[in-house]
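Me: Please take a close look at the disulfide in this model and at its surroundings. I should then like a connected account of how the rest of the structure is held together, including any unusual backbone geometry.

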Amino acid sequence: MIRSKIAVAVLFLCLVLAAPARAGNVPVMAYTDLLKVLASSETPVLVNFWATWCGPCRLEIPLLQKLAATYDEKQLKIIGVSVDQDANALNRFVQGNPLNYSVYLGDMDMLQAFRVSSIPHTMVYKPKGKRIFNRVGLVEWEELVQVVQEASVKASEDATK
């Protein structure tokens with residue numbers, strides 16, 4: 001019984017995370033849902049808090065898209081969490097700018113729990129949810145790659161222990 005519930009939960013998470021942002025309604029992700037993803041992930045996870053009206057956030061999007069194209073989902077999961085208060089604006093943005101990584105609308109509890117007070121805000125977690133990077137402001141390509149590689153190395157080291 002417990003195994004089947006775990007299997008269903010893992011399948012659900014895989015399906016949710018495998019779906020890049022697409023035209024239509026961007027799903028809402030609750031704080032607890034993101035915690036579950038981070039705790040159960042077998043790969044590093046990059047979480048980027050952003051908004052459609054934020055200039056630096058929009059400058060980061062091509063870098064995140066390039067990162068998503070460079071690493072497949074078995075190497076890195078990228079989750080964009082929009083802090084937009086207008087879901088329609090977010091939906092219009094995603095329709096006009098298809099993204100190749102998962103995007104969700106965050107709730108206020110998530111922003112408070114992750115202590116997001118300014119955007120863009122990028123965090124990288126190694127598998128099973130230990131945060132190894134926490135940056136407010138625009139992150140450059142070289143730094144993103146370095147942090148992702150570090151998370152991958154730490155994941156490999158942890159797997160051999």
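Reply: C54 is buried, with a relative accessible area of 5%, and C57 is likewise buried, at 1%. In this predicted model, a disulfide joins C54 to C57, with an S to S distance of 2.4 Å. The torsion about the S-S bond of C54 and C57 is about 75°, so the disulfide is right-handed. The structure holds one disulfide. Such a link is a covalent bond between the sulfur atoms of two cysteines.

The wider setting may be described next. The protein contains six helices and six strands, and along the sequence these follow the pattern α-β-α-β-α-β-α-β-α-β-β-α. Of its 161 residues, 44% count as buried. Among contacts between residues at least 6 apart in sequence, 73% join residues at least 24 apart. The exposed surface of the protein amounts to about 8800 Å², of which carbon and sulfur atoms supply 57%.

Turning to the interior, the largest nonpolar core has 47 residues, and L34, F49, L67 and F114 touch the most other members. Helix α6 (residues 141–160) contributes the largest share of this core, six residues. In soluble globular proteins, nonpolar side chains tend to be buried together. F114 illustrates the packing in detail: leaving aside residues up to four places away in sequence, F114 touches Y31, L34, L35, L38, F49, M123 and Y125. Two of these partners, L34 and F49, are themselves named with F114 among the residues that touch the most other core members.

Charged pairs come next. A search of the whole structure finds two salt bridges. In one of them, K128 pairs with E42, the closest N and O atoms being 2.6 Å apart. K128 lies in the loop between β5 (121–126) and β6 (130–136), whereas E42 lies in the loop between α2 (31–40) and β2 (45–50), so the pair ties together parts that are 86 residues apart in sequence. E42 is exposed, with a relative accessible area of 59%, while K128 counts as partly exposed at 48%. The other salt bridge is formed by the side chains of E143 and R135, at 2.7 Å from N to O. Both of its members count as partly exposed: E143 has 22% relative accessibility and R135 has 28%. Side chains of opposite charge can pair when their charged atoms come close.

The backbone also deserves attention. Most residues other than glycine have a negative phi, and most peptide bonds are trans. Against that background, K128 has a positive phi near 75° although K128 is not a glycine. Thus the residue that forms a salt bridge with E42 also carries a positive phi. R115 likewise has a positive phi, about 55°, and is not a glycine. R115 is found in the loop between α5 and β5 and counts as exposed at 71% relative accessibility. The loop between α5 (108–113) and β5 also contains P120, and the peptide bond from I119 to P120 is cis, with omega near 0°.

Methods
Residues are numbered from 1 along each chain as its sequence is written. This is a predicted model: local features need pLDDT of at least 70, side-chain atom pairs count only at pLDDT 80 or more; totals for chains, interfaces and linings use all residues. Side-chain values use heavy atoms; hydrogens and water are left out. A nonpolar core is a set of buried Ala, Val, Leu, Ile, Met, Phe, Trp, Tyr and Cys residues joined through side-chain atoms within 4.5 Å. Buried means under 20% relative accessible area, exposed over 50%, partly exposed in between (1.4 Å probe, protein chains only). Helices (H or I, at least four residues) and strands (E, at least two) are DSSP runs, numbered from the N terminus. Contact means heavy atoms within 4.5 Å. A disulfide is a pair of cysteine sulfur atoms within 2.5 Å. A salt bridge is a side-chain nitrogen of Lys or Arg within 4 Å of a carboxyl oxygen of Asp or Glu. Accessible areas come from the Shrake-Rupley method with a 1.4 Å probe; for residues, only the protein chains shown count as cover.
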